[in-house]
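Here is a colleague's note for someone opening this structure for the first time. Please keep the sequence and the 3D view at hand while going through the points.

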Amino acid sequence: MTRSLRIGFIPLVDAAALIVAVDKGFAAEEGLDITLLREVSWSNVRDKLNLGLFDAAHLLAPVAIASSLGLGHVKVPIVAPFNLALNGNAITVSPALHAAIMSELSGDPLDPMATALALSRVVAARRKKGAEPLIFGMTFPFSTHNYQLRFWMAAGGVDPDEDVRLVVLPPPYMVDSLANGHVDAFCVGAPWNSVAVDHGVGHILHFVADILVRAAEKVLAVRQDWSEKNADILAALVRALARAAEFVEEPQHRAEAARILALPERIGIDAEVIQRTLDGRLKVSPDGTMRESNRYLLVGREGVARPDPVQAAWLYAQMVRWGQASISPDALHTAKSVFRPALYDAALGQSGEPADAARAVGAFAGPAFDADDIAGHLAAFRIGRWKP
Amino acid sequence: MGAESSPKIVIVDESPIRAAILEEGLREAGFTGVVHISEMQSLLSRIYALDPDVILIDLENPSRDVLEQMFQVSRAVRRPIAMFVDQSDAASIQASVDAGVSAYIVDGLKKERVKPILDLCISRFNAFAKLQDELDRAKSALEDRKVIDRAKGILMKRKGLTEEEAYVLLRSTAMREKKKIGEIAQSILTASELLK
């Protein structure tokens, strides 16, 4: 029997596994008739998922956690049986800010500690001159982009709430805002960093992989009660996604995947830009300088697809650090149990942890992350909004 | 805002017609302090300058995520804002999402003062959607009509039919193939273009 599902998504390259699962027919082979619904804001995706207008959604991992904790909105328990992507974001800065950071830089420009320290010197010099604080764009209060920007600049001594301004901007407006000076920099997913570089209005300063080796980005999210009532359908969906995630990562299929994703009703941008993203081969400067990294965006390799509760704990720790969530063992437990490796394992008929699971978050600053001691971990960071 | 005065309402909507329909409805209902923002650039600073009690935004607007920032504790935020949701009132949020609108309110504004604003907003948004739908249908009917007339002309010329016979042929073919007359007419135009 074919089962119809409505799944919401935002047009970003990290929706690749979901879009390919549908358009390549993997979902249909699992007996699923999926209608993909493109949305314009994360708030809409969250609300429509919470209300049951969507059965499932491509969702920012922190939004799934915030929804389960009832932060900023109605409390609706969400579970994530599949991790759609790790990494994939980048920090892009205006040519003027790029020049300022480079002139203050001592060390390797790919070393985030060196650039964060340079940023703090730029910020101090601006303050001395009486200049307006720098403005950084990010996509949502509960977003990886918000936490990644904050983590990076705070490591160099820049307080993200006091020394600069962080503002939410919808991704399609990022490039224009950088071009007309409404923001000085932004952190966003693909394709928007490349679009800014291609238009000559931005330099990619960092791939998020420079800041965190493994950062959970988007998940396939469903309501917890829905997952309990529709276990078989959810398992079929996870299998279709797993197949699609592997397909996307096969070098010989990249061009086809990019063509599918480029369709106007999907992501709707140039297939070539999408393929560059999947390949981790990005133009980082308007002068044509290229940078390659096989860690830029991970979809179906290195055990990415299996949700890792340690990642959920790290995101929760950022919510605590920046004053969005209070610290409690219950909240930590709730956050961790949003990510459900057991559902993933059950769908794919595997048991227990894969032997090659590389689980480190791998942040460039601070001690190794301890998912069982958030307070102890956060005590190592000087800048933050939380009180033990 | 004084306890009895009309709350200040900001409408964030890029559709000038829909915003006008909503604004008119709110004024008729006695809400006099209504401001419409159609320009999304620097949205937050404009909202802070207006300092509204209620913000209404359409769901087709990507800037809805910008408003979510107002929940955050930050130096930039002067008054805490909450989304108008109530854990016990799922029907009201469902109705507003269905209609395509969302409301944000200043913390502390009483629910019974916001509810009539939201209800009015939902009914006006639905009325606008219906109007839009009728307009679209009228447009496509007009388009169909033009296509059917041209197809009739082709059939009359090629098959020596009267206008009525040509129409009967189009209609019976459409019924047999379970398609709309407009679609059959379009395929006749396409075929005749190809066979030219």
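**Notes on the sheet and the helices of chain A**

1. A good place to begin is the unit in which S6(A), helix H7 (residues 144–155) of chain A and S7(A) form a right-handed β-α-β arrangement. Please bear in mind throughout that this is a predicted model. The two strands of the unit, S6(A) and S7(A), pair in the parallel sense over four bridges, and A:Ile135 has A:Arg165 in S7(A) as its bridge partner.

2. Strand S6 (residues 135–138) of chain A is also joined to strand S8 (residues 185–189) of chain A, with which it runs parallel, by two bridges; here A:Phe136 has A:Ala185 in S8(A) as its bridge partner. From S6(A), A:Ile135 and A:Gly137 point one way while A:Phe136 and A:Met138 point the other way, and all of them are buried.

3. Looking at the wider setting, one finds an open sheet of five strands in chain A, in the order S7-S6-S8-S5-S9, with mixed pairing. Strand S7 (165–168) and strand S9 (203–207) of chain A stand at the edges with a single partner strand each, so one side of each is left without a neighbour in the sheet. Direction ignored, neighbouring strands of this sheet are turned by 25° against each other on average.

4. Which strands does helix H5 (residues 95–104) of chain A touch as it packs on the sheet? They are strand S5 (89–93), S6, S8 and S9 of chain A, and the direction of H5 makes about 60° with that of S9(A). Helix H8 (residues 171–179) of chain A, for its part, lies across S5, S6 and S8 of chain A and runs at about 155° to S8(A).

5. A separate packing of two helices deserves attention: helix H12 (residues 231–249) of chain A and helix H17 (residues 341–348) of chain A meet at an angle of about 80°, their axes being 8 Å apart, and the two are therefore roughly perpendicular to each other. In this contact A:Leu234, A:Ala235, A:Val238, A:Arg239 and A:Ala242 of H12(A) meet A:Leu343, A:Tyr344, A:Ala347 and A:Leu348 of H17(A). The residues of the contact divide into eight nonpolar, no polar and one charged.

6. Finally, is helix H4 (residues 61–69) of chain A mostly covered or mostly exposed? It is mostly covered, as nine of its nine residues are buried, including A:Pro62, A:Ile65, A:Ser67 and A:Leu69. Just after H4(A), A:Gly70 takes a positive phi of about 70°.

Notes: Residues are numbered from 1 along each chain as its sequence is written. Chains are lettered from A and ligands numbered from 1 in the order in which they are written. This is a predicted model: local features need pLDDT of at least 70, side-chain atom pairs count only at pLDDT 80 or more; totals for chains, interfaces and linings use all residues. Side-chain values use heavy atoms; hydrogens and water are left out. Buried means under 20% relative accessible area, exposed over 50%, partly exposed in between (1.4 Å probe, protein chains only). Axes are lines fitted to C-alpha atoms, for helices over the stretch in contact, and angles run from 0 to 180 degrees between N-to-C directions. Angles under 35 degrees count as roughly parallel, over 145 as roughly antiparallel, 65 to 115 as roughly perpendicular and the rest as oblique. Contact means heavy atoms within 4.5 Å. Ala, Val, Leu, Ile, Met, Phe, Trp, Tyr, Cys and Pro count as nonpolar, Asp, Glu, Lys and Arg as charged, and the others, Gly among them, as polar. Two strands pair if DSSP finds at least two bridges between them. A crossover is right-handed if, with the strands pointing away from the viewer, the path from the first strand over the helix to the second runs clockwise.
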